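Visitor: Hey, got a minute to go through this one with me? I'd like to start with the contacts and then see where we end up.
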Amino acid sequence: MTDQQGRVVIFRGVNLVNKNSPYTYLSSGITEEDARIIRAAGMNIVRLGIIWGAIEPSPGQYNDVYLKDISNTITMLKTYGINTLLDMHQDQYSTSCNGVGAPDWATIVNFAKFPKGCNPNKLPFPKGELTDLSVSDAWDGFWQNKNSASTGLVGLQDRYAETWAYVVKSIGGTPGIVGYEIMNEPYPGTVCKAKMLGDECILFDQGVYAKFIEKVSSKIRNVDSKTLIFFEPSVFFDFGTATHVTPPNVPNLGFSFHPYLTMGHVLANTFVYHNKFPNLPLLATEWGAFTGDKPLTENMVPAEITAGSMRLDKAMMPAIYWTYANPAPSSFLPGAFRQGLVWDLNKPRTTPNLMVDRLNALTWPYPQAVSGTPLEWSFHPERQLFQLSYSTNSPSGQRLDINARTEIILPSERFKNGYEVFVEGAKVVSTRNANLLVLLNQSDAKNVKILVKGL
């Protein structure tokens with residue numbers, strides 16, 4: 001990803017999704033204190049969940065009050081230097097399926113097969129999605145673009161695409177938005193089940209799902225010609241399977257994914273895919289989701305966060321942690337709050353409600369803007385040692401303006417006694433021990449090497 005100056009931009013941040021009705025962030029308890037906590041940890045992005053059912057409570061009727069709350073939240077985050085990726089979030093399709101995402105009117109189930117409706121036993125996420133065929137049937141209706149009297153005789157995907165277009169038209173111009181993510185963890189339905197990951201998944205990826213990505217991204221492009229649009233592979237990619245989606249010919253399209261179960265394996269699959277489509281920017285939009293339960297007990301979580309951050313650095317992968325807080329109905333996802341850095345947004349941001357050890361582990365140095373092309377970067381917490389090297393040519397091979405700054409986030413939590421900087425090929429222009437280390441390339445430098453050592 002590059003900015004208007006041609007610099008490579010790296011995002012590091014946290015997720016924030018309110019899964020409780022009415023799904024607003026004002027009602028969830030998010031305040032400016034949370035923005036300050038996020039920014040003090042050095043993070044520069046929030047993946048902010050928006051809910052289709054909250055946006056379009058009735059077919060073709062949109063909730064501008066809800067969208068105003070989203071816009072206000074984006075503005076508040078931007079005040080603290082935090083960007084926003086808008087994520088149309090779903091888990092287990094809809095509230096009718098004991099999940100969150102689609103409105104109830106958009107849940108079309110074959111009642112001849114499933115007379116009790118979708119997920120009648122109220123299985124929690126993700127068990128309901130993985131094991132209850134009625135949930136898969138609801139997904140099938142979506143992928144088949146079914147319509148009914150409840151949808152106003154308009155196909156479900158068509159409604160979804162129009163909803164995205166309305167969101168972008170209404171609040172897309174809000175300063176701070178850096179991207180739109182089409183859908184969180186799309187589930188293929190009966191076309192490709194969890195125990196059947198062969199040709200069926202390929203057919204889904206290359207067929208209905210590729211067409212869906214093109215449909216939605218084209219609708220967004222009709223309203224916004226520039227802002228990045230990210231699409232995810234099917235949710236099975238997070239389990240370590242490959243993806244076979246051919247991206248549509250839509251400008252400024254990116255690939256987002258969730259390196260969960262085996263981070264190294266998912267990252268490897270990501271790079272295999274990226275080798276086929278090298279023009280797609282990459283962004284890991286979820287990782288982590290640690291609860292502190294067995295087998296990974298709470299005292300082990302900070303070390304796991306550290307290990308994950310180091311793996312992501314080695315891959316030079318921008319990444320967004322799941323999650324800052326996870327307000328969700330207990331019937332939908334028992335214990336969901338335990339995944340958060342903050343467990344209850346209506347309580348003070350102090351221990352034990354604020355998981356300080358997790359937050360400190362996530363507080364991490366990284367280059368947020370590079371005047372050239374990164375070659376590698378790393379941070380070793382025990383040694384308080386950060387290193388970055390980069391070519392002064394942009395990814396397209398161009399020399400950038402001599403005033404284009406390289407910016408490195410150096411949170412004070414990691415360098416409590418200050419730091420010293422060793423540089424080849426650039427000069428430091430920021431103040432001593434600043435949380436943002438700023439450098440300008442030397443005019444004759446082909447490569448730059450930076451070493452930061454804590455005192």
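Guide: Sure. Keep in mind that this is a predicted model. Let's begin with Tyr93: leaving aside neighbours within four places in sequence, Tyr93 is in contact with Trp52, Val100, Gly101, Ala102, Ala106, Thr107, Glu129, Ala138, Trp139, Phe142 and Leu156.

Visitor: Which residues have the most contacts inside the largest nonpolar core?

Guide: Tyr93 is one of them, along with Leu86, Phe142, Tyr160, Trp164, Ile182 and Tyr324. That core has 103 residues.

Visitor: And which helix gives the most to this core?

Guide: Helix H7, residues 199-221, with eight residues.

Visitor: What about a second, separate core?

Guide: There is one of 22 residues, and Trp364, Ile409, Phe415 and Leu437 are among them.

Visitor: Any general reason for cores like these?

Guide: As a background tendency, nonpolar side chains in soluble globular proteins are often buried together.

Visitor: OK, switching to rings. How many aromatic pairs does a search of the whole structure find?

Guide: It finds 33. Take Trp139 and Phe142: that pair is edge-to-face, at 6.2 Å centre to centre with 85° between the planes.

Visitor: Where do Trp139 and Phe142 lie?

Guide: Both are in helix H5, residues 133-143, three residues apart, which is about one turn of the helix. Trp139 and Phe142 are also both buried.

Visitor: Give me another pair, please.

Guide: Phe237 and Phe257 are edge-to-face too, with 6.4 Å centre to centre and 80° between the planes. This one links distant parts of the chain: Phe237 sits in the loop between strand S6 (228-231) and strand S7 (253-257), while Phe257 is in strand S7, 20 residues apart.

Visitor: Are Phe237 and Phe257 buried or exposed?

Guide: Phe237 is buried, because its relative accessible area is 1% and the cut-off for buried is under 20%. Phe257 is buried as well, at 0%.

Visitor: Back to Tyr93 for a sec. Which cluster do ring pairs link Tyr93 into?

Guide: The one with Trp52, Trp105, Trp139, Phe142, Trp143, Tyr160, Phe204, Tyr209 and Phe212.

Visitor: Now something without a ring. Where is Ser389 found?

Guide: In strand S12, residues 385-391.

Visitor: Why does Ser389 count as buried?

Guide: Because its relative accessibility is 12%, and anything under 20% is called buried.

Visitor: Which residues does Ser389 touch?

Guide: Not counting residues up to four places away in sequence, Ser389 touches Pro374, Leu375, Glu376, Val448 and Lys449.

Definitions and conventions. Residues numbered from 1 in each chain as written. Predicted model: local features only at pLDDT ≥ 70, side-chain atom pairs only at ≥ 80, totals over all residues. Heavy atoms only, no water. Core = buried A, V, L, I, M, F, W, Y, C linked by side-chain atoms within 4.5 Å. Buried < 20%, exposed > 50% of the residue type's maximum accessible area, 1.4 Å probe, protein only. Helix = DSSP H or I, 4+ residues; strand = E, 2+ residues; numbered from the N terminus. Contact = heavy atoms within 4.5 Å. Phe/Tyr/Trp six-rings, centres within 6.5 Å; stacked < 30°, edge-to-face > 60°.
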